[in-house]
Amino acid sequence: MTWSEMQPLLSEEGWNTFYMVGWSTLIAIVGGLPLGVLLVLTDRGGLLQNVLANKVIGQIVNVARSLPFIILMVALMSFTRWITGTTIGREAAIVPLAIGAIPFFARLVETAVREVDGGLVEAVQSMGGNTWTVVRKVLVPESLPSLISSATTTVVALIGYSAMAGTVGAGGLGDLAVRYGYQRFETELMWIIVAVLAVVISAIQFAGDYAARSLDRRGGRSGPAPRLRFLKAGESARTGPRPGGPATAEAAKADAGRTV
C-alpha cells in the first residue's frame with residue numbers, strides 16, 4: 001500500500017478516534033468530577049459524612065473499574081443499542097468508553113481533592129461558607145493542577161480503549177490497524193499507526209503536564225491567600241466593622257496617633 005492510499009485512511013480514522021475520545025472525555029469529566037468530590041464529602045470526617053452512602057458509591061465505582069473494557073463493551077450492548085440505536089460505529093463506542101472512564105476519573109478526582117489542605121476548608125467554614133462554597137472556592141480550585149493531570153491520564157487511557165473498541169467495529173485507528181495491518185498483512189501501515197498514536201499521546205501528555213505546572217506556579221500553595229482575603233473582605237462587608245474596632249481608615253489613623 002502506497003502513502004497516497006494510506007493518507008486518506010489515516011485522516012478519516014484518526015478523526016474518528018479523536019471524535020470518540022473527545023466526547024468520552026467530556027462525559028467522563030462531567031460525570032466523574034462530582035462523583036469524586038462526593039466520595040470525599042461523604043467519607044468519615046467529610047462535610048456530608050454518610051458512611052453508608054460512601055461505601056455504596058465506592059463499591060459501585062470499584063466494580064465498574066474492575067471490568068475489563070472488552071467485557072464492558074459486550075455487557076453494555078443492549079444499553080448502547082437503546083441509547084444510539086446501534087452497537088457499531090463511533091457513536092456506539094462512546095457509550096462504553098464514557099461509562100468505563102467515569103469511575104476511572106472519579107477515583108483520580110478523589111485522590112486529587114483529598115490532597116487539599118484541611119485548614120483552608122476550616123477557614124472558609126469559619127467565614128460562614130457552606131458546603132457548596134467550600135467545593136467551589138477551595139476544593140476544586142486548589143486541586144485544579146492535579147485535576148488537569150487526572151484528565152490527561154484519562155484521555156491517554158481512552159485512546160487505548162478506543163483502539164480496543166476499533167476491533168469490534170467502532171472504527172478509528174485501532175480498527176484500521178487490525179483490518180489492514182493485521183488481517184491484510186500491511187505491516188508498514190500498522191507501524192505507522194503505532195507511531196501516530198505514540199506521537200499523539202506524547203503531545204497530550206506534554207500539554208497536560210505543562211498546563212498543570214503553569215497553574216501550580218501561578219496558584220501553588222500560596223494561591224488560597226488572596227481568595228481567602230477576598231472571602232474575608234466580603235464577610236466583613238456583610239457583617240460591618242468588628243466590635244471595638246475603628247469603623248473607618250481615618251478612625252484607625254486617629255487611634256494610631258493617640259497611641260503614639
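This passage describes aromatic ring contacts in the structure. The model is predicted. The count of aromatic pairs is four. Trp 15 and Tyr 19 form one of them, a tilted pair. Their ring centres lie 6.3 Å apart, with 55° between the planes. That angle is neither under 30 degrees, as stacking requires, nor over 60, as edge-to-face requires, so the pair counts as tilted.

Both residues belong to helix α1, which spans residues 3-41. Trp 15 and Tyr 19 are four residues apart there, and therefore about one helical turn separates them. Trp 15 is exposed, at a relative accessible area of 52%. Tyr 19 is partly exposed, at 21%.

Phe 206 and Tyr 210 form a stacked pair. The centres of these two rings are 6.4 Å apart. The planes meet at 20°, which is under 30 degrees, so the pair is classed as stacked. Phe 206 and Tyr 210 lie in helix α10, residues 187-218. The two positions are four residues apart in that helix, so about one helical turn lies between them. Phe 206 has a relative accessibility of 57% and counts as exposed. Tyr 210 has a relative accessibility of 47% and counts as partly exposed, because exposure requires a value over 50%.

Tyr 19 also takes part in a contact with a charged residue. Arg 90 lies over the face of the Tyr 19 ring, at 3.9 Å from its centre. Tyr 19 thus has Trp 15 as its partner in a tilted pair and Arg 90 over its ring face.

Note on methods:
Residues are numbered from 1 along each chain as its sequence is written. This is a predicted model: local features need pLDDT of at least 70, side-chain atom pairs count only at pLDDT 80 or more; totals for chains, interfaces and linings use all residues. Side-chain values use heavy atoms; hydrogens and water are left out. Rings of Phe, Tyr and Trp (its six-membered ring) pair if their centres lie within 6.5 Å; planes under 30 degrees apart count as stacked, over 60 as edge-to-face and the rest as tilted. Buried means under 20% relative accessible area, exposed over 50%, partly exposed in between (1.4 Å probe, protein chains only). A charge sits over a ring if NZ of Lys or CZ of Arg is within 6 Å of the ring centre and within 35 degrees of the ring normal.
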